[in-house]
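Welcome! Here is a short briefing to help you find your way around a new structure. Take a look at it first, and then we will go through it topic by topic.

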Amino acid sequence: MRFGAMSSARGYGLVVVLAIVASSSLVSSREQLSTRQCEDLGFSGLALCSDCNAFAEYVKDQELVSDCLKCCSEDSDDETSKITYSGALLEVCMRKLVFYPEIVSFIEEEKDKFPSVKVQYVFNSPPKLIMLDEDGQSKDTIRIDNWKREHVLQFLREKVKPASPK
């Protein structure tokens with residue numbers, strides 16, 4: 001039994017070393033990750049590198065910012081960094097809300113400030129913002145599992161157009 005545990009520990013150590021080597025080569029060559037890899041990391045909606053730079057101001061996790069930079073595309077001009085959306089769906093599993101007090105706080109205390117943002121409870125869904133275009137169609141999806149309430153507020157202020165009076 002002891003040999004099996006030792007063998008699996010060595011195997012795990014090898015995996016960790018390979019992951020570190022792979023990630024350092026990605027950073028050094030500034031390779032982009034695939035769309036699927038970026039979605040798995042939760043960055044499918046942060047498409048522009050200027051968004052990653054803004055993200056870095058709020059989230060002080062260098063590894064997370066590095067992942068963002070691997071998933072972004074260079075801004076072509078200042079106008080593209082100002083991409084906005086008509087609205088958003090905040091999708092989350094009601095049963096998992098207990099694990100996301102910052103998201104609960106946003107929903108209970110701040111959500112009403114954003115009339116074009118709707119909360120949608122979907123079984124087993126991690127917290128995410130589904131950004132909508134003028135026709136109400138999904139344009140981008142952003143995982144917000146580890147976002148603080150302030151980060152959600154700032155992001156929505158910058159990215160969601162104010163509701164127009166009817």
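Two residues are in contact when heavy atoms of theirs lie within 4.5 Å. Please keep in mind that this is a predicted model. With that said, a good place to start is F106: leaving aside its neighbours within four places in sequence, this residue is in contact with L90, K111, F114, R149, V152, L153 and L156.

**The nonpolar core**

- The largest nonpolar core has 31 residues, and F106 is among the members that touch the most others, together with I103, L129, M131, I144, W147 and L156.
- At least two residues of this core come from each of these elements: the helices α3 (49-58), α4 (62-71), α5 (101-109) and α6 (149-159), and the strands β1 (87-92) and β3 (128-132).
- Helix α6 gives the largest share of the core, with four residues.

**The sheet**

- If you follow the open sheet from one side to the other, you meet its four strands in the order β2-β1-β3-β4, with mixed pairing.
- Strands β2 (117-121) and β4 are at the edges with a single partner strand each, so one side of each has no neighbour in the sheet.
- On average, neighbouring strands of this sheet are turned by 25° against each other, direction ignored.
- Helix α6 packs on the sheet, where it touches β2, β3 and β4, and its direction makes about 5° with that of β3.
- As a general point, side chains in a regular strand alternate between the two faces of the sheet.

**How the strands pair**

- Strands β1 and β2 run parallel and are joined by five bridges.
- One pair to look up here is E91 with its bridge partner in β2, Q120.
- Strands β3 and β4 (residues 138-143) run antiparallel, and five bridges join them too.
- For K128, the bridge partner in β4 is R143.

**Two backbone spots to look at**

- The hairpin of β3 and β4 has five residues between its strands, and in it G136 takes a positive phi near 80°.
- N124 also has a positive phi, of about 70°, although this residue is not a glycine.
- You will find N124 in the loop between β2 and β3.
- Is N124 buried, exposed or partly exposed? With a relative accessible area of 45%, N124 is partly exposed, because that class lies between buried, under 20%, and exposed, over 50%.

Conventions:
Residues numbered from 1 in each chain as written. Heavy atoms only, no water. Core = buried A, V, L, I, M, F, W, Y, C linked by side-chain atoms within 4.5 Å. Buried < 20%, exposed > 50% of the residue type's maximum accessible area, 1.4 Å probe, protein only. Pairing = 2+ DSSP bridges. Axes fitted to C-alpha atoms, helices over the stretch in contact; angles between N-to-C directions.
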